[in-house]
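Biologist: Please take a close look at one part of this model, the parallel strands and the helices that link them. Then add what can be said about a single cysteine elsewhere in the chain.

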Amino acid sequence: MIKPSSSACNLRCDYCFYHEIAENREVGCRPFMGEDVMLSIITKALAEAKHCSFVFQGGEPSLIGLPFYERFVAEVKRLNTEGASIHYAFQTNGMHIDDAWALFFKQNNFLVGVSFDGSPRLHDMHRFDGQGKKSARSVLDGIALLREYGVDFNLLSVVTNELAQNVDLMWQYMIGHGHRYLQFIPCMESLDSDGRKPFLTAENYSLFLKRLFDLWYEAWQKGDPVSIRFFDNLVGMLAGYPPESCDMAGICSVQYVVESDGTVFPCDFYCDDASVLGNILTDEFSALDERRALLRFIEDSPNTIDACEQCPWRVLCRGGCKRYRREEGYRFCSTMQDFFPYVIERMEHVARTMVR
């Protein structure tokens with residue numbers, strides 16, 4: 001995962017966790033990524049693996065400009081002498097997408113994720129620019145261009161109390177506009193949150209998941225399925241497959257998040273000073289892995305706070321992502337204990353059908 005624009009962004013979403021992380025680092029928002037860092041990422045990754053996924057995030061990764069990505073792709077083609085399989089992904093707020101960006105994504109087989117919170121009204125409740133202006137209209141223009149150029153894309157929505165209380169409104173908008181590949185991420189709490197005014201309560205998240213599942217299952221029954229990443233993973237797990245989403249595995253995975261100055265972190269949620277693994281300019285992957293092991297980042301990631309061993313839903317829940325845990329345990333433990341009994345029979349039916 002690569003952050004060419006660091007934490008710089010042209011929006012000021014009030015729930016943005018990465019802006020807060022950057023503000024709490026000794027060095028916050030770094031300058032845009034230089035050629036030396038770019039080449040170090042490419043050369044070291046290609047030397048390490050036969051399958052490379054370069055995932056660009058931010059901040060807002062488009063701020064560095066399209067020429068950076070044109071150079072990146074050109075250098076990968078030049079340096080990929082061993083024929084490694086290459087995959088690109090790009091997570092954006094969609095504000096800068098124009099014809100040139102859309103054409104580039106299509107020509108280079110980028111999978112694009114666009115942040116859009118369900119409907120224009122819901123989106124504009126939290127996602128505004130530095131002047132407090134709404135952003136939905138610009139994002140929708142960018143999405144329209146991706147569709148026009150035939151770019152593979154999905155929509156990523158942050159689940160807030162407002163979205164949780166308006167699931168049907170969101171669904172009608174998304175499905176009515178032909179969106180079939182959706183991701184929903186429960187909103188994170190602030191680092192210094194006291195929990196008194198959360199963007200998303202466990203109760204509302206439960207209401208959200210149950211109603212969303214009703215709509216998802218109904219669409220599946222009608223032969224008009226919608227891909228929702230969380231549900232897709234759960235069905236796969238019931239069918240005997242491991243989850244592809246790292247936050248559902250019950251233990252952290254090996255990742256490399258490269259900030260614009262080359263600083264490497266173990267996870268997008270942990271790009272803080274205490275979690276630095278090294279720098280891609282000076283360290284080999286083996287050294288980065290050694291530092292991760294010293295931090296026990298993976299080893300200490302399973303949930304040892306809650307009574308997971310006695311929980312009937314531990315095979316599916318697995319204790320939740322550690323970024324959603326506090327001293328008292330997983331924020332959404334009660335959510336999952338309410339959600340799984342509500343859906344399990346229908347979810348198992350989908351899994352059995354898919355296996356057949």
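**Parallel strands and one cysteine**

Modeller: In this predicted model, strand β1 (residues 51–56) and strand β2 (residues 85–92) run parallel and are joined by six bridges. Within this pairing, F54 has Y88 of β2 as its bridge partner. The connection between the two strands involves helix α3 (residues 66–79): β1, α3 and β2 together make a right-handed β-α-β unit.

β2 also pairs with strand β3 (residues 110–115), again in the parallel sense, over five bridges. Here T92 stands opposite V114 in β3. Helix α4 (residues 99–107) belongs to this second part, since β2, α4 and β3 make a right-handed β-α-β unit. β2 therefore takes part in both units, one with β1 and α3 and one with α4 and β3.

The cysteine is C271, which lies in the loop between β8 (263–265) and β9 (278–279). C271 has a relative accessible area of 0%, so it is buried, the cut-off for that term being under 20%. Leaving aside residues up to four places away in sequence, C271 touches K3, Y18, I21, R25, V257 and F265. Among these contacts, F265 falls within the range of β8 (263–265), one of the two strands that flank the loop. As for V258, 13 residues from C271 along the chain, the C-alpha atoms of the two are separated by 9.2 Å.

Key
Residues numbered from 1 in each chain as written. Predicted model: local features only at pLDDT ≥ 70, side-chain atom pairs only at ≥ 80, totals over all residues. Heavy atoms only, no water. Helix = DSSP H or I, 4+ residues; strand = E, 2+ residues; numbered from the N terminus. Buried < 20%, exposed > 50% of the residue type's maximum accessible area, 1.4 Å probe, protein only. Contact = heavy atoms within 4.5 Å. Pairing = 2+ DSSP bridges. Right-handed = clockwise from strand over helix to strand, strands pointing away.
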